[in-house]
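Colleague: I am new to this one and would like a close look at a single part. Please show me the model before I ask.

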Amino acid sequence: RVVVEHPIYVIHISDNSLGPVLCQPRNLIIGGENCEVNIVQHFIHKNDKAPVLNNTVTEITAAKHARINHFIIQDENGSARNITETQVHQEKESRVDCHNYSLESGFIRNKTNMVLNDEHIEGHLYGVYLLNEGQHADNRSLIDHAKPNCYSNELYKGILGGKAKGVFNGRIMVRQDAQKTNAYQTNRNILVSDNAQVFTKPQLEIFADDVRCSHGCTTGQLDEDSIFYLRSRGLTLKQAQTYLLKAFAGEVIENVTIDVVKEWLDKRITDKILKMMAE
């Protein structure tokens, strides 16, 4: 078994100090048999002087018994437009976890397609999108169960303030031969302003008989009883709201297995929640 001890960290830096920038990276990730690797793609900006468009395609192939953790972190600014497409193809007894954290950008569109093409495969999709002001994030996914005895789990959470708009369109397909499939999909959203909007569409297409599948979505505001309880323990309104929002996003972040990435995400998400609560 080949284990890559340290994460592979890919930084996409857009320097628009001299004018508009168009970046179109194409990434190919091939995980051979019995490998284990963590890969982080981090999009950042150097300034906010001109528009930037990042249009990225990433292809991931996981061979037999491979274990791949893939992260996309979008942390740019209001002048950025970030479009990503991730194609995942898995073979027998492999596992791929795709994480997507949309933290800052003017416009974001993420598309993830995952094909479970043999038996005893695991596929996991995790996502958090924190949007404020007039930001927009669009998350689309397809998990294709092509063979029997596979498991998939999808969990996306959104926190939206200002006039932000979020979209979740998740689709799970269970083909006729994919008996004994376990597939779960959840999208949850919290709106922290009256002008924020979320459009969510979870979908299941099942053509097999012997399966266990579920999907669902929720959209709402912070629970007033929980806020009252925390304030009765001495917290201010802002502190109570921040703790609840951190706990809401924390259900996704706890699936991050790289300690330094988890710590950075926790701090960055906390900073953005504090900024959102201050506006």
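Which ring does the charged end of K157 sit over, and how far is that charged end from the ring's centre? Please take me through the surroundings too.

Modeller: Keep in mind that this is a predicted model. The ring belongs to F248. The charged end of K157 sits over that ring, 4.3 Å from its centre.

Start with F248, then. F248 is part of a nonpolar core of 28 residues. Also included in that core are F71, I159 and I190. This core is a second one, separate from the largest. The largest nonpolar core has 33 residues. Within the largest core, V96, M114, Y129 and L160 touch the most other members.

Now look at the strand that carries the neighbours of K157. Strand β13 covers residues 151-160. Two of its tyrosines take part in aromatic pairs: Y151 and Y156. The structure holds two such pairs.

Take the pair of Y151 and Y184. The ring centres are 6.0 Å apart and the planes meet at 55°, so the pair is tilted. An angle between 30 and 60 degrees is what that word needs. The partners come from distant parts of the chain. Y151 is in strand β13, and Y184 is in strand β15, which covers residues 181-191. They are 33 residues apart. How accessible are these two? Y151 is partly exposed, because its relative accessibility of 28% falls between 20% and 50%. Y184 is also partly exposed, at 23%.

The other pair is Y156 with F168. This one is tilted as well, with 5.4 Å from centre to centre and 45° between the planes. It too links distant parts of the chain. Y156 lies in strand β13, while F168 lies in strand β14, residues 165-174. Here the separation is 12 residues. Y156 and F168 are both buried.

Next, follow the chain out of these strands into the loops. K180 is in the loop between β14 and β15. Its phi is positive, about 60°, although K180 is not a glycine. K180 is partly exposed, with 48% relative accessibility. N195 comes in the loop between β15 and β16, the latter spanning 197-206. N195 is partly exposed too, and its relative accessible area is 49%. Setting aside neighbours within four places in sequence, N195 is in contact with G162, K163 and A164. S79 is another matter: N195 and S79 are 116 residues apart in sequence, and their C-alpha atoms are 21 Å apart in space.

A loop elsewhere holds another positive phi. H120 has a phi of about 55° and is not a glycine. Its loop runs between β10 (107-116) and β11 (122-131). H120 is partly exposed, at 44% relative accessibility.

There is helix to see as well. Helix α1 covers residues 224-232. D223 caps its N-terminal end. A side-chain oxygen of D223 lies 3.4 Å from the backbone nitrogen of D225. Just after α1, G234 takes a positive phi of about 105°.

Finally, move to strand β5, residues 35-45. N38 lies in this strand, and so does H42. Why does N38 count as buried? Its relative accessible area is 15%, and buried means under 20%. The side chain of N38 makes a polar contact with the side chain of N69, at 3.0 Å. Beyond neighbours within four places in sequence, N38 is in contact with P7, I8, N69, T257 and I258.

H42 is buried as well, with a relative accessible area of 6%. Its side chain makes a polar contact with the side chain of Y9, at 2.6 Å. Not counting residues up to four places away in sequence, H42 touches Y9, V10, I11, H12, I73, D75 and W264.

What about disulfides? The count is zero. C35 is in none: the nearest cysteine sulfur, that of C98, is 14 Å away. A disulfide would need the sulfur atoms within 2.5 Å. C35 is buried, at 11% relative accessible area.

Back to your request: the charged end of K157 sits over the ring of F248, and F248 belongs to the second core.

Methods: Residues are numbered from 1 along each chain as its sequence is written. This is a predicted model: local features need pLDDT of at least 70, side-chain atom pairs count only at pLDDT 80 or more; totals for chains, interfaces and linings use all residues. Side-chain values use heavy atoms; hydrogens and water are left out. Buried means under 20% relative accessible area, exposed over 50%, partly exposed in between (1.4 Å probe, protein chains only). Helices (H or I, at least four residues) and strands (E, at least two) are DSSP runs, numbered from the N terminus. A polar contact is a pair of N or O atoms within 3.5 Å; within protein, one must be able to donate a hydrogen and the other to accept it, and residues adjacent in sequence count only if both atoms are side-chain atoms. Contact means heavy atoms within 4.5 Å. Rings of Phe, Tyr and Trp (its six-membered ring) pair if their centres lie within 6.5 Å; planes under 30 degrees apart count as stacked, over 60 as edge-to-face and the rest as tilted. A charge sits over a ring if NZ of Lys or CZ of Arg is within 6 Å of the ring centre and within 35 degrees of the ring normal. A nonpolar core is a set of buried Ala, Val, Leu, Ile, Met, Phe, Trp, Tyr and Cys residues joined through side-chain atoms within 4.5 Å.
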